[in-house]
Structures are given as structure tokens and as C-alpha cells.
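The following exercises concern a predicted model. Each task is followed by a solution that proceeds step by step.

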Amino acid sequence: MLLEKIRMGLSKTREKIHEAFLSTGIFFDKDFESSIPVFEEILLSSDVGVKATNEIIARLKERRKEHEKREDVIPLLSQILINLLISSEKKEEEIIHPYTILTVGVNGTGKTTTLAKLAKHFKDKGEHVLLVAADTYRAAGVEQLYLWGRNIGVDILKSQIGQDPASIAFDAIESAFTKEYTVVLIDTAGRLHTKKNLMEELKKMKNVLSKKREDLPQEIFLILDATTGQNALSQAKIFKDVLDVTGTILTKIDGTAKGGIVFAISLELGIPIRYIGIGEDVDDLIEFEPDTFVASLLEGVVLQ
Amino acid sequence: MFENITARLSEIFKSLRRKGKLSKKDIENGLKDIRLALLEADVNYKVVKEFIARLEKSATGERVLKSFTPGETLLRVVFEELRDFLSSKEKIEIKTDGRPGVVMLIGLQGSGKTTTAVKVAHFLRKRGRKSLLVPCDLKRPAAAEQLKIMAEKGEFPFYEIKEETIEKIGLASVEYAKKEGLSPVILDTAGRLHIDDAMIEELVHLKKLLSPKEILLVLDSMTGQDAVNIGLEFQKKVDFDGIVLTKMDGDARGGAAFSLRYVTKRPIKLIGTGEKSDDLEFFHADRMASRILGMGDLSTLVERATEVIEKEEAEEAAKKFKEDRFTLEDFRKQIKILQKLGPLEKVVGMIPGMKSLSKVDVNGDAIKRIESIINSMTVFERNNPKIIDGSRRKRIAAGSGTTVSEVNRLLKDFEVMKRMMKQFSKGNIGFSPSSFPFPQK
Ligand SMILES: Nc1nc2c(ncn2[C@@H]2O[C@H](COP(=O)(O)OP(=O)(O)OP(=O)(O)O)[C@@H](O)[C@H]2O)c(=O)[nH]1
Ligand SMILES: Nc1nc2c(ncn2[C@@H]2O[C@H](COP(=O)(O)OP(=O)(O)O)[C@@H](O)[C@H]2O)c(=O)[nH]1
Ligand SMILES: [Mg+2]
Ligand SMILES: [Mg+2]
């Protein structure tokens, strides 16, 4: 049966899974065992990764044992997945001014765009927002954020090319206090987590802020591209180590990638997922909800 | 997780080394590990399945089963298959013919198209071409500005846009290039999702209009399982001539490269290794294969090791052992060969089979001393160690800057090793060419 599937195309495999689920609906023990490879396939091909997949399957088997009643396995699996994400859930905190957020991450994941989306989100809530363009490295990085800010109608603190990002952060927080901004959103240059000096630079930025007031910045969001595979875990580990990120935002979920790496991130690092990016416009940011996320992960494969 | 697949394989094959032969079951276990390593490296699930099925055939072939060093040989078979899939026969080139030539870059948002456009211009300039960089991204804020700044920095001709649609930009830039004697034009398009039909249509249109000779799909090397969908959709709807993998300066294992190549059959041509315009390199299938397997530079090592040692040398040495003709001169040759492979401590640590020989003294310094001792002997002495008496030993010690007791030890070790190897080669106990010249203590 397994070898047969190896030779089948992706769509065929999907049909088969679909069939398997629909025909049985309720899984008997025998079917349960033989459906394990199907679950593995769903998880592994959603970037969940080997380790987290094994953990999830183990939990599934465990839960299965506990229940005398023959249950539908799909709800059981979703429950396990949802619990994994809920265990690290974090609600948006009460806003203490100036509510300061830093977006960080590797190159091209969507930091600038996401920050613009957040600016819109807070402006709509009636906050007095300052956007800070601290990406002085990437060509037109400042210009990109500037155009977003102008479009949304919030103030922007521009910086000079090559200016030290920590000094920009300093200027930003000073002007937040004097001009009474309630929300300060700071964009940073994309950098690979493996580049030590660039990671140190971020740490310096953070320190400048917390020197001004201990609780600043309230949030450091790691922006992850949903298309990324297992490397996202490595990114999350190092960004957490260096900066103690408070949450992740998963972008580009409007593509076909499932973003399954968040399970490993939640399982191994306990970093909560806070928002997801669903498009390129300023309104394309929604709060992360474990159950909808899990539903779409399973639905994509099962019901296609 | 599987930083060290070689260590794991080594573990599995350690007990088998004594047996000298592998069963089907042993191979299955080895393949299971390889499957996990590939999945961890982000090779697509389905691609892994197919690939392992193929491997089953080659892994149960004579070559692995009969090998003295099944662990290494299996790993090598996997490595070779992976490398062969990754490499393309044709010579890597960027087609720039036409008046002007047209190169178009396509791909997802943030994959690195704009940066790659400038890198390609740089790459072609080194080959005597004067490219024109053309911003065809009207979507992302300041996209044209980004390209312009990078172009100015590297002093590459840049097309200043006055038009409002990318079709018009494309056509006008070609005219401009003709007038200015620039070729090719390099079109930096906006990032788009492979399922965004309206946006994809725009590319198809541009392609029809300008018939680019070279369309490059730019893919982030950190991409996961979705690489297959991305590749297939772009191929079906737009099609492309080659692949550029970006952000290879990170620590991603890059399994997406294999998935993409496997399903689209398009060549991977170049890799991006940084944010600057000269951070572009030719793609090397062998390096990529060992990166995906997480073997570090082991692949090259195993390759070189088997090249230099395996066949003739090992056979010759085995024969000599059997016939009791192995001399210090042969011993010295073996050491030389191993030294060519790199620093010895490192070499030994990296070859799976060698791990089991942990008690062997392989620190580079000791080897150097052994070598200089042998170097201080006459050829006659090397071939007839029996004649090396007390006064000869003194001379050799002085000549090599060592002590007589070191010379004594070497000669004794050599005799022990000779006897041991003779036993091995007579009985059916496999000995590994890689574990070869080191006397067991
Ligand atoms: N489809 C889609 N595209 C997105 C999303 N978020 C960002 N993008 C696009 O991804 C690309 C990169 O976004 P940026 O915001 O510039 O990313 P960045 O992390 O700031 O990039 P660097 O500063 O260059 O490291 C842009 O083309 C964005 O429009 C999303 O949720 N969905
Ligand atoms: N480290 C690294 N960063 C890269 C590489 N190629 C592109 N980038 C960065 O990735 C980000 C997105 O690149 P860009 O060219 O704007 O992508 P585009 O949206 O596809 O045009 C930028 O921050 C680039 O500096 C690379 O090979 N290595
Ligand atoms: Mg940015
Ligand atoms: Mg671009």
C-alpha cells in the first residue's frame, strides 16, 4: 500500500486520502493504524518537521488509547494540534504608552510590510502612531516604509543611510516621549540569524530602548515567512536567544505553504504566534487563531 | 537534528563492520535515516519517497553489499544519486543573445529578485557585457528606487521609467538599450504568488512581448515543502530556463533545491551568497548534495579518499599484506595519501568508519613524527626493516629529530600491524582502506 502511494502523483495521493477519510468517517482500530502514514504525510508536507510530527503522532496514539469509544480521528488530531498552539498563546496586552514594537527577521520575510499593517491597525484603534525606519542598510528600505506611512497617514521618523540603528531607536523613543506618541513601530534591516555582528546590532537597539524605560520595547516580533521550511526553527531559536522575542508573525499565508513549522516553534521554544499576514495590502493582517489555522492546515489536504 | 548523519550511519554500521556484510534489513535501517535527513533538510515529502524507492535498488546492489566499508559506500551511493539529480549536463550559462538580449527574473515576494538582477548584471559585466537594469515592479513601494540605488552603487546602466505599465516599460527599455548599445536588458519583476493568476498573466504577457532568452526563477534557499508547488506552477504558467537559489550564506540545508530540480528538471544555475552585487556564484551539485545530507565537506572527502585509496592502492596493499611484502615504504605512502586529504584529526573524525577506531593515535603531530622517522631511513632500510639495528636506530632518531625509543615504538607497531593485517586479509574479515595505516594500540 505504501509503495503504491509512492508512485502516485500528489493530486492522486490527495484523492486517496480524501477517499480514506470519507469512506470510513469513523476510524476503527485497524484503520487507525493504517492511517498513521496518512497523517504523517499531511504533517510532513506542511513543514511540521520530523520531530514535531513524531510528537504529534505519539500524542495521537496516546489519546486514542484513552478513549474506549471509537471516535473520528480528525477532530482528535485537530484538538492535539490546537492544544499545541494554545499552550503558548498570548493575548494582546493592555497598552502602556508608548507601546513599542520592533519587527525583526531574516531578509525578505515581510518585516516592513507587516509593520505598515500594524501601523494601520493601531491607527484605526485611535492611537497616535510613529513609524520608525531603522533599516538603513537595504537600498530604499527607508523609502519603502516612508511611502507606506504616508499612505496610511501616520508620522514617520526617517533616518540617514548608514546611520547607526541604535541611535535611530534612541531618537525615536525620545521623540515618542516629547511628542506623546502612543505607539512606536520600529522597522529593522533583514539579517540572517547566523551573522553574529548583525544580531548584536539588534541587541544594542533593544538595550537603548530598555535603558529609557525598563519595559520597552513591549514587543519584539519575529517575522517568519510561511514558505520557509525547517530553517525557521533555527531562526526562531537564535532570535529568541539573542533578543527574547515576544511573538512571531507568520506572513504570506495566502500562498499554498501551510506554515507547519509553527508547531515545532511552539513545542520547542514556546514562542506564541500573534498575527498572520494574508496579503500585500495594509489590511491583510489578522490575529492568529489556533483553530482556524489548524482547520485550514487539515482542510487543505483532506478536502481538496 | 541530524547534524551528523555520518555519525548515525556509522553507529548502524559499526556492528556490521565485524560481520563484513550487510543484510537487506541493515540497508533498510540506513535508508530510514537518510529519509529523515532529507526531510529535515526540507526536501519535499513526495520527492523523498520517490528518491528512497530508487535508492532501494542501488543500495542493495553488489557495490554496497560486497563493500568492505558498507557504511561509507551506502552514503556514497546516496551522495552520488543526489548529486547526479542536482547537476545538469549542459554548461551553465546565461543566454544573452538577441538585440538586445532579454533576461527576466521571476519569483515569489522577497525571494531576492531585485538583488539578483544587480548580481547578474555584475556577473555579465565580468564577462564583457553591458546590461541595462529595468525595474518592472510597480507594486512594491520604492521597488524601482531600490533597483536604482543598487545600480548606481555598482555603476550599472539603469532604465529610468516614464511609463505606467510594465508592458510599456519593457518595450521602451528594449528600444533604449538598442540606442545605447546595451545588452541584455535585465527585467526585475514584482514578486508574486504562483497562484495569483492575474499577476501571473502579467508575466506571460511580458514574456510574449519581449521573448526573453533567459527566464530565471529566483527561489529562497530556506523554502520548505512548498518548493514543489511553486516550481511546478511557475513552470506550467510561465516556464523558465534556470533557477537561482538565494540566501545560501545562511544555514538552511537547502533541500528545496533538490525538490525543485527533481520536479521541474530545470537547471540550477547560480547561487546568491550575500547581499552585495558580487555575492553570486556558480551552482555546484556536489557541494549542494553534501549540504543537503548535512555531511559538511565529508562528501568531497569520501570522494577523494575513495579516489586515491580505494581501488588499486588498497588492493595492492592488501595483496602485499597477504604475501607479507608490506614495507615501511608502503606505510609511508599510505600516510602521504591520507595527509593529502587534509588535517588528520579532522579526516579521522569525519570518516564514519574511523570513529570506531578511537583508540588509535591519530593526532597530526604524531603522524608527522612517524613520517619524519621513515623519511630518515634509507630506501633499503624501508624495504627491509629487519636490518635496522641499534646504530641505525640512533642515526635515524638523530636525523629525524626524534628519540630512539620513538623509533623503536614505530618499528614495533609496524610489525604488530603487519601481523594483524595479514590475519585480516587471510581470514574473511573485512578491513577498511580508510582505517588502514594506523596500528591499533
Ligand atoms: N503574498 C504576500 N506577500 C507579502 C506578505 N507580507 C509581505 N509580502 C511581500 O513580501 C515582500 C517582502 O516584504 P518586505 O516587507 O519588504 O520584507 P522585509 O522583511 O522588510 O524585507 P527586507 O527588509 O528586504 O529584509 C514584499 O513584496 C511584500 O509585498 C503577505 O502576507 N502575503
Ligand atoms: N543574506 C542574503 N540576503 C539576500 C540575498 N539575496 C537577497 N537578499 C536580501 O533579501 C531581501 C529581499 O531581496 P529583494 O532582492 O528585495 O527581493 P525581491 O522582493 O524578490 O525583489 C533583501 O533584504 C536582500 O538584501 C542573499 O543571497 N543573501
Ligand atoms: Mg524591510
Ligand atoms: Mg524586488
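**Exercise 1. Determine how the shell around ligand 2 divides by residue class, and identify what surrounds this ligand.**

Solution. Step 1: the shell around ligand 2 holds one nonpolar, 15 polar and six charged residues. Glycine is counted as polar in this division.

Step 2: there are 22 residues around ligand 2, and A:Asn107, A:Gly108, B:Gly112, B:Thr114 and B:Gly272 come nearest.

Step 3: the names carry both chain letters, in keeping with the position of ligand 2 between chains A and B.

Step 4: among the elements, helix α6 (residues 113–125) of chain B gives the most to this shell, with three residues.

**Exercise 2. Establish which chains surround ligand 1, and describe its shell.**

Solution. Step 1: ligand 1 is surrounded by 26 residues, the closest being A:Gly110, A:Thr113, A:Gly190, A:Gly277 and B:Gln109.

Step 2: because residues of chains A and B surround ligand 1, the site is shared between chains.

Step 3: helix α6 (residues 111–124) of chain A gives the most to the shell around ligand 1, with three residues.

Step 4: by class, the shell around ligand 1 comprises three nonpolar, 15 polar and eight charged residues.

**Exercise 3. Describe the side of chain A that touches chain B: how many residues are in contact, and which elements give two or more residues?**

Solution. Step 1: the contact involves 34 residues of chain A and 36 residues of chain B.

Step 2: on the side of chain A, two or more residues come from each of α3 (29–44), α4 (50–66), α7 (141–152) and α10 (231–243).

Step 3: α7(A) provides the largest share of that side, four residues.

Step 4: the class division for the side of chain A is 11 nonpolar, 16 polar and seven charged residues.

**Exercise 4. Classify the packing of α2(B) against α3(B), and list the residues that make the contact.**

Solution. Step 1: two packed helices are described by the angle between their axes and the distance between the axes.

Step 2: helix α2 (residues 24–40) of chain B packs with α3(B) at an angle of about 150 degrees, and their axes are 10 Å apart.

Step 3: angles over 145 degrees count as roughly antiparallel, and α2(B) is therefore roughly antiparallel to α3(B).

Step 4: the crossing of these two helices, α2(B) and α3(B), is right-handed.

Step 5: α2(B) contributes B:Ile27, B:Leu31, B:Arg35, B:Leu38 and B:Leu39, while α3(B) contributes B:Tyr45, B:Val48, B:Ile52, B:Leu55, B:Glu56 and B:Ala59.

Step 6: these residues of the contact of α2(B) with α3(B) comprise nine nonpolar, no polar and two charged.

**Exercise 5. Carry out the corresponding analysis for α3(B) and α5(B).**

Solution. Step 1: the axes of helix α3 (residues 45–59) and helix α5 (residues 70–86) of chain B come within 10 Å and cross at roughly 130 degrees.

Step 2: α3(B) and α5(B) are therefore oblique to each other.

Step 3: the crossing of α3(B) and α5(B) is right-handed.

Step 4: from α3(B), the residues B:Arg54, B:Leu55, B:Ser58 and B:Ala59 meet B:Leu74, B:Val77, B:Val78 and B:Glu81 of α5(B).

Step 5: the contact of α3(B) with α5(B) divides into five nonpolar, one polar and two charged residues.

**Exercise 6. Locate the cis peptide bonds at A:Pro98 and B:Pro100.**

Solution. Step 1: in chain A, the bond from A:His97 to A:Pro98 is cis, with omega near -15 degrees. A:Pro98 lies in the loop between α5 (73–86) and β1 (99–104) of chain A.

Step 2: in chain B, B:Arg99 and B:Pro100 are joined by a cis peptide bond with omega about -5 degrees. B:Pro100 is placed in the loop between α5 and β1 (102–106) of chain B.

**Exercise 7. Are A:Asp47 and B:Asp239 buried or exposed, and where do they lie?**

Solution. Step 1: A:Asp47, though not a glycine, has a positive phi of about 70 degrees, and its place is the loop between α3 and α4 of chain A.

Step 2: A:Asp47 counts as buried because it has 29 C-beta neighbours inside 10 Å.

Step 3: B:Asp239, also not a glycine, has a positive phi of about 75 degrees. B:Asp239 is in the loop between α10 (227–237) and β5 (242–246) of chain B.

Step 4: B:Asp239 has 14 C-beta neighbours inside 10 Å and therefore counts as partly exposed.

Definitions and conventions: Residues are numbered from 1 along each chain as its sequence is written. Chains are lettered from A and ligands numbered from 1 in the order in which they are written. This is a predicted model: local features need pLDDT of at least 70, side-chain atom pairs count only at pLDDT 80 or more; totals for chains, interfaces and linings use all residues. Two residues are in contact if their C-beta atoms, placed from the backbone, lie within 7 Å. Axes are lines fitted to C-alpha atoms, for helices over the stretch in contact, and angles run from 0 to 180 degrees between N-to-C directions. Angles under 35 degrees count as roughly parallel, over 145 as roughly antiparallel, 65 to 115 as roughly perpendicular and the rest as oblique. A crossing is left-handed if the near helix is turned anticlockwise from the far one by less than a right angle, and right-handed if clockwise. A residue is near a molecule or strand if its C-beta atom, placed from the backbone, lies within 6 Å of it. A residue is buried if 20 or more other C-beta atoms lie within 10 Å of its own, exposed if 12 or fewer, and partly exposed in between; C-beta atoms are placed from the backbone.
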